[in-house]
Amino acid sequence: MHRNEFKLGLEFSSLSEKSCQGSLLEEINMLGLLRQRAGGNVSWIMEQGIRAAASRAFSSSAKESMTVRDALNSTLVEEMSADPKVFLMGEEVGEYQGAYKISKGLLEKFGPDRVLDTPITEAGFTGIAVGAAYHGLKPIVEFMTFNFSMQAIDHIINSAAKSNYMSAGQISVPIVFRGPNGAAAGVGAQHSQCYAAWYAACPGLKVLAPYSSEDARGLLKAAIRDPDPVVFLENELLYGESFPVSAEVLDSNFCLPIGKAKIEREGKDVTITAFSKMVGLALQAADLLAKEDISAEVINLRSIRPLDRRTINDSVRKTNRLVTVEEGFPQHGVGAEICASVIEDSFEYLDAPIERIAGADVPMPYAANLERLAVPQVDDIVRAAKRSCFRSR
Amino acid sequence: MTTTKISIIPMLISSPRSGEKADSCSGILNPSSFLGSKSFYKKHVLVNKIHTRRSASAPVSAVSSDVIQKKKKPTADLVTPNLLITKQEGLEVYEDMVLGRAFEDKCAEMYYRGKMFGFVHLYNGQEAVSTGFIKLLTNGDSVVSTYRDHVHALSKGVPARQVMSELFGKTTGCCRGQGGSMHMFSKEHNVLGGFAFIGEGIPVATGAAFTSKYRREVLKEDCDDVTVAFFGDGTCNNGQFFECLNMAALWKLPIIFVVENNLWAIGMSHLRATSDPEIWKKGPAFGMPGIHVDGMDVLKVREVAKEAVTRARRGEGPTLVECETYRFRGHSLADPDELRDPAEKAHYAKRDPITALKKYLIENDLATEAELKSISKKIDEIVEDAVEFADRSPVPPRSQLLENVFADPRGFGIGPDGKYRCEDPKFTEGTAQGFLRSALRFLSSDFIQI
């Protein structure tokens, strides 16, 4: 075998390994690159490789996979291409390619008029985006993390959420506030808060929390096309995670309805509600519970406001037990609202007290072991589910 | 105390020849000339520092009103190039200011009769600023204000009837009674609020200006709309003010920042709250012209406004205009107004902008006493009619409570029957049952409905 082909073969295999965790887009690019390099003299190994890649890329029956990062990036590209009124604004979104690389390549594609690097002025630039939305443009404001949105919260609540009401429908605000929310890894107390409960308490806002790439694409598209202010809570630790996506999800008009939760896993013994990163943990917990003959139904909330009370209540009426899981602080959290909703509407159906799993009621510590204690783990969910099934104290 | 001019363009304010202004002033207002004229500023700053450090109780020295002191003789033909304003413009400006004054006085009357409630902040005394700027704008231009916004809305063209109804909380108000005194919005007239938090309107105004530029450069539309942001002296110590000065100058947005410096933020004197009370100086610090003008003189304000608006329309970027003005009443109708020195109030009462303009119009034969009286009478009738209209208008129906929270009402989520709540006609009527029962308890069918 020619030495170059061998090297190329190695390169390809390592690339293809990455592509299993990586994106569809990378694969297609890879194919082009390989053909170029091979320059016509394609050996048997290369051919097999290219054929395999081709079958993965173009087969509609096989499920492709996509990271959440690529899902968000591709959605931004598609929506900005489709509607010239959509523009992106935030710190480091342009030349830096995005603090978490979500807006990679956008500056090059759309130019500095539509991808704006702002100075470090959350209150100022959020207000500017709201003012632009008053006049019918569709801004997407990226907060480096939602912790920084607290500097702009006056605009999110007072000039965005309340404006349609105060103006009696004259001025709607088609704006999206997005960015990573919740705990990352070791970033300390001021960078780790979950804002789902705070924003979800406010009338006039819609609050979405995607989990998988499908959620990311569908919900972000719905948010950008929505005529109301939407708070879109992503999660930094999910950006690199890869999820299978069908051809339907990759369609440029794929939107998910706002206000509809998804039943990720059907079950009959206990309902577990979760959103964002906690959905992954809930699914893992469900696997462990299945080994002990407890069939857990996992609901991915997707939409914190409006909350899909119907799906939650229907599920509780089926399983008669509920465990709510969230990463944020426990008092007045999302779980508290779900508990209230279920008690109000499905009280007679409950066979056990509702279990609420939330982050510890402390500012996030830095030390790794303490941080692990402050955030819900799979064991916590398993224990809570067992408690509600009266299997343990 | 001598009338030290702390303005950077003294020629502009006192020159009677409006026609020749455009070229000369654009040169003065050009940012590059500012950088070259730093020594000019320093001289004025040093001189004025002696005058501006004063206690709260001493009267404030003001820039003199040259317009009233000069007596201009009309020429034989009725065209008077020495005058700042034509007869028609003069009457329009006079009418607008009288409307503002009469309306606000009527608001006070209605408030004490119990027809108006909550927070009401009146604009008496500051009419020159609102009229001076807004009467130069087109309908497409936007105005953003604070809680002291009744007169801005009226000047921009919102009918007095609608504003009065809004204040009474009736469904015929410009915001159907849902906004109130502090939240005047009108999409038709591009009045973008009405904000209760000071400084909140400034970024929103900057965003509206951003939209003009975006429309022109990205959407390739023919758009030269400008935005005027009104706010007070207290706001100029707020972070958002500086953030927006920076971004507006950085991106050269078509916005005019108008400071209505009435020297008081509720009971806090501007001098007690601000390290450097000369607000106009904060403009050049960010790379835009900063102008100080006598805000009690509508003609001076108008001249400055013309320049600033033209600058913005040409794409030359933002301007900061500090208008020295005064509110004759307290901060709001609930404010006992005990901290302000009566001598200060008397000083400014003598400089009432309406009286000043009336004197100018009469002395320059632009209007007769009778014409001005008939305008006042007409305005009184308009205001009376507005009150009657508001009085007989209905209060909002119960169903209006849940309306307009979202532009897309599916934001209320999915109801117990699996369909979107907003699709149920009983939802806004208040007869629907379901998961929001506790929140909407008073709307359930157990209670008497309208």
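1. Strands and pairing. Strands here are DSSP runs of E, at least two residues long, and two strands pair if DSSP finds at least two bridges between them. The model is predicted. In chain A, an open sheet of 5 strands follows the order β9-β11-β10-β13-β14, with mixed pairing. Its edge strands are β9 (262-265) and β14 (355-357), each pairing on one side only. Neighbouring strands of this sheet are turned by 25 degrees against each other on average, direction ignored.

2. Inside that sheet. Take the link between β10 (residues 270-274) and β13 (residues 322-325) of chain A. These two strands run parallel and are joined by 3 bridges. A:T273 has A:T324 in β13(A) as its bridge partner.

3. Chain A overall. The chain holds 16 helices and 14 strands. Of its 393 residues, 59% are buried. Contacts reach far along the sequence. Among those between residues at least 6 apart, 80% join residues at least 24 apart.

4. Helix α7 of chain A. How many residues of helix α7 (residues 153-161) are buried? The count is 8 of the 9, so the helix is largely enclosed by the rest of the structure. The buried residues are A:D154, A:H155, A:I156, A:I157, A:N158, A:S159, A:A160 and A:A161.

5. A:F177 and its surroundings. This residue sits in strand β5 (residues 176-180) of chain A. A:F177 counts as buried because its relative accessibility is 0%, and the cut-off for buried is under 20%. Leaving aside neighbours within four places in sequence, A:F177 is in contact with A:T126, A:V130, A:V141, A:F143, A:F146, A:I156, A:A160, A:P229, A:V230, A:V231 and A:F232. A:I156 and A:A160 also appear among the buried residues of α7(A), which ties this point to the previous one. A further distance: the C-alpha atoms of A:F177 and A:S149 are 8.9 Å apart, with their positions 28 residues apart along the chain.

6. A:E234, a buried acid. Is A:E234 buried or exposed? Its relative accessibility is 3%, so A:E234 counts as buried. The residue lies in strand β7 (residues 230-234) of chain A. Beyond its neighbours within four places in sequence, A:E234 is in contact with A:L72, A:R178, A:G179, A:P180, A:N181 and A:Y239.

7. A:N73 in helix α4. The helix spans residues 68-82 of chain A. At 13% relative accessibility, A:N73 counts as buried. With neighbours within four places in sequence set aside, its contacts are A:K101, A:I102, A:S103 and A:K104.

8. Strand β5 of chain B. This strand (residues 255-261) is mostly covered, with 7 of its 7 residues buried. In a regular strand the side chains alternate between the two faces of the sheet. Here, B:I255, B:F257, B:V259 and B:N261 point one way, while B:I256, B:V258 and B:E260 point the other way. Residues pointing either way are buried. Strand β4 (residues 227-232) of chain B runs parallel to β5(B), and 6 bridges join the two. Opposite B:E260 stands B:G232.

9. Cysteines. A search of the whole structure finds 0 disulfides over all chains. For B:C236, the nearest cysteine sulfur is that of B:C323, 11 Å away. B:C236 counts as buried, at 0% relative accessibility. Why is B:C422 without a bond to another cysteine? The closest cysteine sulfur, in A:C255, is 17 Å from the sulfur of B:C422, too far for a bond; the cut-off for a disulfide is 2.5 Å. B:C422 counts as partly exposed, at 28% relative accessibility.

10. The interface between the chains. On the chain B side, 60 residues are in contact with 57 residues of chain A. The size of an interface is often given as the accessible area lost when the parts come together. Between chain B and chain A the buried area is about 4500 Å². Carbon and sulfur atoms give 63% of that area.

11. Charge pairing across the interface. What is the count of salt bridges between chain B and chain A? The count is 1. A:K206 forms a salt bridge with B:D408, and the closest N and O atoms are 3.4 Å apart.

Definitions and conventions: Residues are numbered from 1 along each chain as its sequence is written. Chains are lettered from A and ligands numbered from 1 in the order in which they are written. This is a predicted model: local features need pLDDT of at least 70, side-chain atom pairs count only at pLDDT 80 or more; totals for chains, interfaces and linings use all residues. Side-chain values use heavy atoms; hydrogens and water are left out. Helices (H or I, at least four residues) and strands (E, at least two) are DSSP runs, numbered from the N terminus. Axes are lines fitted to C-alpha atoms, for helices over the stretch in contact, and angles run from 0 to 180 degrees between N-to-C directions. Buried means under 20% relative accessible area, exposed over 50%, partly exposed in between (1.4 Å probe, protein chains only). Contact means heavy atoms within 4.5 Å. Buried area is the accessible area (1.4 Å probe) that two parts lose on being put together, summed over both. A salt bridge is a side-chain nitrogen of Lys or Arg within 4 Å of a carboxyl oxygen of Asp or Glu.
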